[in-house]
Each structure stands twice: as C-alpha cells, then as structure tokens.
Amino acid sequence: EARVRHTAIGLNYIDTYHRSGAYKVPLPSGIGVEAAGVVEAVGAGVGYLKEGDRVAYCGGPLGAYSESRVMPADRLVPLPAGIAERDAAAMMLKGLTVQYLFRQTKRLAAGDTILFHAAAGGVGLIACQWAKALGVTMIGTAGSDAKAELARANGCAHTIVYTRENFVERVREITGGQGVPVVYDSIGKDTFPASLDCLSPRGLWVLFGAASGPVPPFDMGLLAQKGSLYATRPTLFTYAASRESLLAMAGEMFELMTAGKLKADVRQTFPL
C-alpha cells in the first residue's frame with residue numbers, strides 16, 4: 001500500500017451513479033474514483049514507489065474525495081515530468097476509457113469511420129482528439145449546436161444534433177448507406193436499438209454507460225436480424241485490472257498528452 005496526499009481529484013459522471021445508487025456500493029462508503037497527488041509513505045514490499053513521487057490513479061476502492069488516503073500501491077501510476085497533476089486528475093478515468101475503447105475493444109486504425117454518442121461530453125471530447133490523432137473519421141452526436149461545435153473544434157469530423165436530426169439517417173447519409181463498423185454508446189436506453197441500425201454487417205455495438213438509463217433486456221435474435229452484429233458491455237476496471245495493463249494504457253495516453261494531441265478539458269474547479 002501507499003499513502004497519497006491529494007493535490008487534485010477528478011469529478012466524473014460515474015460519481016452520480018454511486019450517489020444515486022444506480023451502481024450499488026457497500027455502505028458506508030467514501031466516493032470518488034480518480035485523483036492525483038504525492039506519495040507520503042509506502043508500505044513494506046513496495047519497491048516501485050517512494051515518498052515524494054507524483055502519482056495518479058483511477059479506480060480501486062472508492063474514496064478519492066479526500067485530502068489523503070491509503071491506496072493499493074499497484075493502482076498508482078507515476079506521472080511523467082511534463083504531466084501536471086491537475087491535468088492527470090482530469091484525464092485518468094476518461095482518457096483511459098478512450099484508450100481501451102479505441103485501442104483494445106475495437107483497435108481502430110487510420111481510415112476507419114466510427115459513431116460516438118455524446119461527443120461533447122467528458123469522454124467524448126477526449127475521443128474526438130484521440131480519433132483525430134489516429135486518423136479516424138469520427139461521427140459524433142450532441143444535444144445542441146454549441147455542443148456540436150465544441151466536438152468539431154476537438155477533432156470530430158461530422159456532428160449530428162440528435163434533438164432535431166435522425167442520427168440513423170444521418171449516419172447512413174454520411175457513410176453512403178454502408179453504416180459504421182463500430183458504435184460507441186454511453187447513453188443506453190434512449191439510443192437503443194437505433195444504435196444497432198447504424199452498424200454495417202458484423203459491426204460492433206460497444207455499450208459503456210447508461211446516461212439515459214439501462215438498456216432493457218432484448219432477444220439476442222435482434223443482433224442476427226440486423227446483420228450478425230456483435231455487442232459488448234466493457235468496463236475500464238476489467239481492462240486495467242493488472243498493473244502491467246494499467247501502466248501500458250496510461251503510457252500511451254501520456255505520450256499523446258506530452259505531444260499536445262490530447263488536452264485535459266477542465267471547465268470548472270472547486271475547492272478540495
């Protein structure tokens with residue numbers, strides 16, 4: 001274990017799930033899954049961290065909303081010299097989410113076209129930048145013209161304002177009727193089953209959140225009817241379960257941040 005003095009923590013949408021009970025947690029419990037800070041002490045047998053190291057984390061036991069805490073040492077990622085703690089606290093959870101979505105759940109390559117719901121959200125804006133860095137054409141949905149403009153400014157190639165446009169029709173129009181090989185969906189109930197109609201045959205629907213509520217149970221035959229589709233419900237905590245995976249994922253993200261291709265979008269700050 002290691003004790004970390006927090007210098008910045010991240011506020012995330014998942015925190016609202018923990019607060020509301022949508023994601024059940026044992027009570028009593030702290031809250032918060034992401035933070036950055038400085039190691040104050042390390043326990044016996046921890047040879048890869050030392051007092052004074054700057055670190056960041058996401059996941060692990062809840063409780064980031066605190067001044068300091070003891071953490072499992074293998075969940076702490078050392079910060080490169082060029083990465084500010086404030087930026088790390090804003091990027092770890094959302095940035096590593098995009099890493100596993102784009103580089104593992106479906107390994108994207110230059111020339112691919114994707115649909116990403118909520119493109120102007122916290123994860124969405126990082127996805128816009130990462131897609132641009134990869135040479136991927138991202139079609140993003142947003143709830144207003146202002147949000148669509150923000151997504152485009154961050155690298156989203158095409159935007160759809162779903163409050164007035166039919167996103168299935170627009171995706172088909174943009175792709176010449178072909179659809180996309182993958183849809184990234186953190187909305188859930190409100191975008192299902194329309195997300196499936198945006199996919200090309202044998203396409204992949206990646207459900208990684210439920211901002212509008214959970215997707216109701218459905219007959220798996222629906223995937224056959226719509227083109228031998230695949231569906232998955234991944235989580236960051238599975239992909240980053242081992243320290244080796246966590247460090248590799250963070251390393252790729254830090255490289256893009258250092259190169260100026262990924263920037264933390266810190267819109268609001270509050271006293272810790």
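In what order do the six strands of the open sheet run, and is their pairing parallel or antiparallel? In this predicted model, the order is 8-7-6-9-10-11 and the pairing is parallel. Strand 8 (158-161) and strand 11 (230-232) form the edges. Each of these two pairs on one side only. From one strand to the next, the twist averages 15 degrees.

At one edge, strand 8 pairs with strand 7 (residues 137-142). Four bridges join the two strands in the parallel sense. Within this pair, H158 of strand 8 stands opposite I139. Helix 3 packs on the sheet, where strand 6 and strand 7 are touched by the helix. The direction of helix 3 makes about 160 degrees with that of strand 7.

The largest nonpolar core comprises 50 residues. F102 and Y184 have the most contacts inside this core. Several elements each give two or more residues to the core. The helices among them are helix 1 (13-20), helix 2 (85-105), helix 3 (122-134) and helix 8 (243-258). The strands are strand 3 (54-58), strand 6 (113-116), strand 9 (180-185) and strand 10 (199-207). Helix 2 gives the most, with 10 residues.

The contacts of F102, leaving aside neighbours within four places in sequence, include the other highly connected core residue, Y184. R107 and L108 are also in contact with F102. So are I114 and F116. A127, W130, A131 and L134 complete the list. Apart from the largest core lies another, of 18 residues. Its members include L115, V180, L199 and L207.

Methods
Residues are numbered from 1 along each chain as its sequence is written. This is a predicted model: local features need pLDDT of at least 70, side-chain atom pairs count only at pLDDT 80 or more; totals for chains, interfaces and linings use all residues. Side-chain values use heavy atoms; hydrogens and water are left out. A nonpolar core is a set of buried Ala, Val, Leu, Ile, Met, Phe, Trp, Tyr and Cys residues joined through side-chain atoms within 4.5 Å. Buried means under 20% relative accessible area, exposed over 50%, partly exposed in between (1.4 Å probe, protein chains only). Contact means heavy atoms within 4.5 Å. Two strands pair if DSSP finds at least two bridges between them. Axes are lines fitted to C-alpha atoms, for helices over the stretch in contact, and angles run from 0 to 180 degrees between N-to-C directions.
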